[in-house]
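Subject: Structure handover

Hello,

Please find the structure below, followed by notes on what was found in it. The terms are explained as they come up.

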Amino acid sequence: ARLKWPNDILVGRRKLGGILLDTTGTGSERRVVAGLGLNLTTRRSGFPAPLQGVATSVRIEIGHDVKPGGLAGRIVSRVESELDRFRTDGWPPFREALSLLDALLGQEVLVRVGPVEVAGRVEGINDRGELVVRDSEGVARSFPAGDVHLGTGPRSGTRKKEVDRAGADP
């Protein structure tokens with residue numbers, strides 16, 4: 001499994017699940033709320049027609065069902081230990097590990113932020129968690145949010161818009 005910025009978990013090009021992180025509160029009351037959704041037991045024929053070939057499940061990938069409670073326990077245990085490591089070591093070791101799992105690194109993509117589209121090659125994720133894309137003019141653009149599509153051609157049913165840099169920070 002690999003990670004597709006900002007929150008997808010992929011196997012190949014098929015979506016296995018997603019991660020959601022959000023913050024709430026301020027100052028000493030600031031908290032991170034985390035959510036994880038995984039397709040666990042769905043069979044190939046169990047996905048709706050539009051998702052067949054686009055989505056996958058743990059069952060499809062490993063060939064048998066997993067017990068949700070056991071998997072959840074392993075995930076929570078790992079998250080707890082990694083949080084301790086993060087408090088001690090900070091972001092750098094995680095950034096290196098993320099680059100090894102980055103499904104977009106080096107890929108040609110089309111990034112959409114509202115009406116703006118930027119096509120280019122992914123250079124990675126910066127220290128602020130933003131996706132860095134180098135456009136056709138060689139300018140590196142950082143995106144704190146947006147929709148990312150592999151390839152730079154127009155999506156099915158859409159008309160390619162003029163590439164515009166508005167809304168993307170250099």
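Two strands count as paired if DSSP finds at least two bridges between them. The strands themselves (E, at least two residues) are DSSP runs, as are helices (H or I, at least four), and both are numbered from the N terminus. With that in hand, Leu-20 can be placed: this residue stands opposite Gly-35 in strand 4.

Before the rest, a note on the source. This is a predicted model, in which local features need pLDDT of at least 70 and side-chain atom pairs count only at pLDDT 80 or more, while totals for chains, interfaces and linings use all residues. Residues are numbered from 1 along each chain as its sequence is written, and side-chain values use heavy atoms, with hydrogens and water left out.

The sheet of strands 1 to 4

An open sheet is formed by 4 strands in the order 1-2-3-4, with antiparallel pairing. Strand 1 and strand 4 are the edge strands, and each pairs on one side only. From one strand to the next the twist averages 25°; for such angles, axes are lines fitted to C-alpha atoms (for helices over the stretch in contact), and the angles run from 0 to 180 degrees between N-to-C directions.

Strand 3 (residues 14-24) pairs with strand 4 (residues 31-38) in the antiparallel sense over 8 bridges. Another facing pair here is Asp-22 and Val-33, the latter in strand 4. The hairpin of these two strands has 6 residues between the strands, and Gly-25 in this hairpin takes a positive phi near 80°.

On the surface, Ile-19, Leu-21, Val-32 and Leu-36 form a nonpolar patch with about 370 Å² of accessible area together. A patch is made of residues with over 30% relative accessible area and no salt bridge; like charges are joined within 9 Å, and nonpolar side chains (Val, Leu, Ile, Met, Phe, Trp, Tyr) within 5 Å. The areas come from the Shrake-Rupley method with a 1.4 Å probe, and for residues only the protein chains shown count as cover. Strand 3 and strand 4 are the elements that give two or more residues to the patch. Val-32, found in strand 4, counts as exposed at 60% relative accessibility. Here exposed means over 50% relative accessible area, buried means under 20%, and partly exposed lies in between (1.4 Å probe, protein chains only).

At the start of the chain, a cis peptide bond joins Trp-5 and Pro-6, with omega about 5°. Pro-6 lies in the loop between strand 1 (2-4) and strand 2 (8-11).

The sheet of strands 5 to 9

The other open sheet has 5 strands in the order 8-7-6-5-9, and its pairing is antiparallel. Strand 8 (140-143) and strand 9 (147-150) stand at the edges with a single partner strand each, so one side of each is left without a neighbour in the sheet. Neighbouring strands of this sheet are turned by 45° against each other on average, direction ignored. Strand 5 (residues 108-113) and strand 6 (residues 116-125) run antiparallel and are joined by 6 bridges. In this pair, Val-111 stands opposite Val-118 in strand 6.

Cores

A nonpolar core is a set of buried Ala, Val, Leu, Ile, Met, Phe, Trp, Tyr and Cys residues joined through side-chain atoms within 4.5 Å. The largest one has 13 residues, and those with the most contacts inside it include Trp-5, Val-111 and Val-148. Strand 5, strand 6 and strand 7 (131-135) each give two or more residues to this core, and strand 6 gives the most, with 4 residues. Another core, of 7 residues, lies apart from it, with Ile-9, Leu-16, Leu-40 and Val-66 among them.

Salt bridges

A salt bridge is a side-chain nitrogen of Lys or Arg within 4 Å of a carboxyl oxygen of Asp or Glu. The whole structure holds 13 of them.

- Arg-128 and Glu-130 meet at 2.7 Å, N to O; Arg-128 is exposed at 62%, whereas Glu-130 is buried at 9%.
- Lys-4, Asp-8 and Lys-15 are joined into one network by salt bridges that share partners.
- Asp-8 and Lys-4 meet at 3.7 Å, N to O; Asp-8 is buried at 14%, and Lys-4 is buried at 14%.
- Arg-59 and Asp-65 have their closest N and O atoms 2.9 Å apart; Asp-65 is partly exposed at 44%.

Regards
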